[in-house]
Amino acid sequence: MTSPTASYRHSERGSALTITIAILAGLLIIGAVVAALYYILTPPPSSAGRVVSIDVFPIQNTTGGGVIAGGISGQPETFNEVMVLANVQLKNTAKVPIRIFDLDSYLYIPNSDTYEDGAASHKDFERVFLAYPQLKSKEAPPLRRDITLQPGQQVTGQLLFHYPITLLQWKHRTKLHFVINWKHQNNLVLHLKGKATSSGWEH
């Protein structure tokens, strides 16, 4: 014969279990509703893209030196820089035309600052390849900021960035990504995967 106390305890445990199940079921329903709303309200990506290839050129410039005022010899100064040529491919996956607003890059190096640089304009492209003819073999049509992609259209172009770092710092980078800023659309972020080729020369 079951005592009244044991029966009460059994009933109490059953009620607690029922409440727990009800709470979990409620949370699952709420989670499903939130996920459905997020899927419905979040617009699909307007673009897709990839980094086709990338080339890295370390540059070392020396300035100063010689005789300055008063017959004192000046000490030359050396400046290091890494220039990055990236060929990227973009595609409009939206149902409306999309227009490029800006092109940026973010380079992350341990124990250092984050380096942000905007892509060189098509006019700067001409100046760079004139100043550094060694780059000519890697030159490709630049990706312009003023282009509009029609629905389904795909385009390939070159981005040019430069960072005030050494080649050694570049090799120790942790992340690098390019950001395609669309006008009135979500940004497209292209992450660098794998190791970039490197053409070493000095100027």
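Q: Which residues of helix α2 (residues 122-131) are buried?
A: The model is predicted, so local features need pLDDT of at least 70 and side-chain atom pairs count only at pLDDT 80 or more, while totals for chains, interfaces and linings use all residues. Residues are numbered from 1 along each chain as its sequence is written, and side-chain values use heavy atoms, with hydrogens and water left out. Buried means under 20% relative accessible area, exposed over 50% and partly exposed in between (1.4 Å probe, protein chains only). In α2, a helix being a DSSP run of H or I of at least four residues and a strand one of E of at least two, numbered from the N terminus, the buried residues are Phe125, Val128 and Phe129.

Q: Why do the buried residues of α2 line one face of the helix?
A: The directions from the helix axis to the C-beta atoms define an arc. Seen down the axis of α2, the buried residues line one face because they fall within an arc of 90 degrees.

Q: Against which strands do the buried residues of α2 pack?
A: Contact here means heavy atoms within 4.5 Å. The partners of these buried residues are β2 (77-92) and β6 (154-163).

Q: Which parts does the salt bridge between Arg145 and Asp102 tie together?
A: A salt bridge is a side-chain nitrogen of Lys or Arg within 4 Å of a carboxyl oxygen of Asp or Glu, and Arg145 and Asp102 meet in one at 2.8 Å, N to O. The pair ties together parts 43 residues apart in sequence, because Arg145 lies in the loop between α2 and β5 (148-149) and Asp102 in strand β3 (residues 98-108).
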